[in-house]
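Here is a predicted model to read. Take a look, then work through the questions below.

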Amino acid sequence: MPSTGSPQASQQRRAWPARLAALRVIHPFPTLMNVAAALLFAAVAAGGPPEPWLAVRLAAVMFLTQAAIGALNDVCDRRADALSKPWKPIPAGAVSPRAALALAAGAAAGAVTLGATLGAVAWLYGLLGLAAGAAYDLGLKRTVLSGLPYLVALPLVPLWAWEASGQAPPTLWWVVPLGLLLGLSLHLANVLPDLEEDAAAGIRHAAHLLGPAWTARLAWAAFLLAAALGGGVLAALDRPLLLYGAAAALSLLLLVAGTLLFRRPRGLDPRLGFGAWAAAALLLSVSWLAALT
């Protein structure tokens, strides 16, 4: 066995950063955040922990779907990333475009195949979510319609989890307008840190027309409207509001933290702001669904 100071051991230690850099091609944070959301929605639908085999399939399908979308995104953006984000896996040489495209195709095929075991309606929802992400990567990202895939995909996640767990109640369809607003808010929060870099790479979408200040204001307005709509629906349906109100208040604190992170404090990545925004949207959504059902 080689000693820790041997050339082979040193080479292995140097290989780890490259492997970790390559993993970024699947966009680990949003991928795992979506997996967590799917499992939380399934737990709410089941009124407790979902059946283990169902949980494994939900997690695997969501992971594969998001990995496919993330890898395809990096393939489509590789030239722009070489100019504005050279640290990303493809421009940095950690992953080749061909390997990333093969990964995207394989993950998409796996998601579609395994998703068929969740039932016809859930499979269709999953297919629509995958198509929305692919459409974003393949061209919509660079247009004023860049937010459309977010608006379509976000309400699909709880509907998909519910259909996979059992038939969704009629009241669950209120998740559509709520999800549209949260999807708009998340999209604007996602592009906000990259407006300058995207413009330099020739990518222009609706947020560039608004400018950073109005993009942030609209993101806040959409989130606040979603929170108010959620509370109004619960009140109209005579559902408990205490837990939802507490979660909404906490989500607003997360939005404040995210807004501060967007201002690029020294030593912190402004993309952490989107992480806080995504956590706020997940908290609001799960608490609302728990109160609704």
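**Helices, cores and buried charges**

Q: Is α8 largely enclosed by the rest of the structure or not, and why?
A: Buried means under 20% relative accessible area. In α8, 12 of the 17 residues are buried. Therefore the rest of this predicted structure surrounds the helix, and α8 is largely enclosed.

Q: How far does α8 reach from its first C-alpha to its last?
A: Helix α8 covers residues 175-191, which is 17 residues. At 1.5 Å a residue, 24 Å is expected. The reach in the model is close to that: 24 Å.

Q: Which helix supplies the largest share of the largest nonpolar core?
A: This core has 57 residues, and those with the most contacts inside it include Phe41, Leu118 and Trp160. Several helices each supply at least two of its residues, among them α2, α3, α8 and α10. The largest share is 12 residues, and they come from α12.

Q: Which residues of α8 does Trp277 touch?
A: Trp277 is among the residues with the most contacts inside the largest core. Leaving out residues up to four places away in sequence, Trp277 touches Ala219, Trp220, Phe223, Leu255, Thr259 and Phe262, among others. Its partners from the buried residues of α8 are Ser185, Leu186 and Ala189.

Q: Are α11 and α12 roughly parallel or roughly antiparallel, and why?
A: The two helices pack with their axes 7 Å apart. The angle between them is about 170°. Angles over 145 degrees count as roughly antiparallel. So α11 is, relative to α12, roughly antiparallel.

Q: How many charged residues are in the contact of α11 with α12?
A: On the α11 side, the contact includes Leu254, Leu255 and Phe262. On the α12 side, it includes Trp277, Leu283 and Trp288. The residues divide into 17 nonpolar and 5 polar, and the number of charged residues is given as no charged.

Q: Does Asp77 count as buried or exposed, and why?
A: Asp77 is found in the loop between α3 and α4. Not counting residues up to four places away in sequence, Asp77 touches Lys141 and Arg142. Its relative accessibility is 2%, so Asp77 counts as buried.

Q: Which residues is Lys88 in contact with, leaving aside its neighbours within four places in sequence?
A: Lys88 lies in the loop between α4 and α5. Because its relative accessibility is 10%, Lys88 counts as buried. The residues in contact with Lys88 are His27, Asn73, Asp74 and Asp81.

Technical notes: Residues numbered from 1 in each chain as written. Predicted model: local features only at pLDDT ≥ 70, side-chain atom pairs only at ≥ 80, totals over all residues. Heavy atoms only, no water. Helix = DSSP H or I, 4+ residues; strand = E, 2+ residues; numbered from the N terminus. Expected span 1.5 Å × (residues − 1). Buried < 20%, exposed > 50% of the residue type's maximum accessible area, 1.4 Å probe, protein only. Core = buried A, V, L, I, M, F, W, Y, C linked by side-chain atoms within 4.5 Å. Contact = heavy atoms within 4.5 Å. Axes fitted to C-alpha atoms, helices over the stretch in contact; angles between N-to-C directions. Parallel < 35°, antiparallel > 145°, perpendicular 65-115°, else oblique. Nonpolar A, V, L, I, M, F, W, Y, C, P; charged D, E, K, R; others polar.
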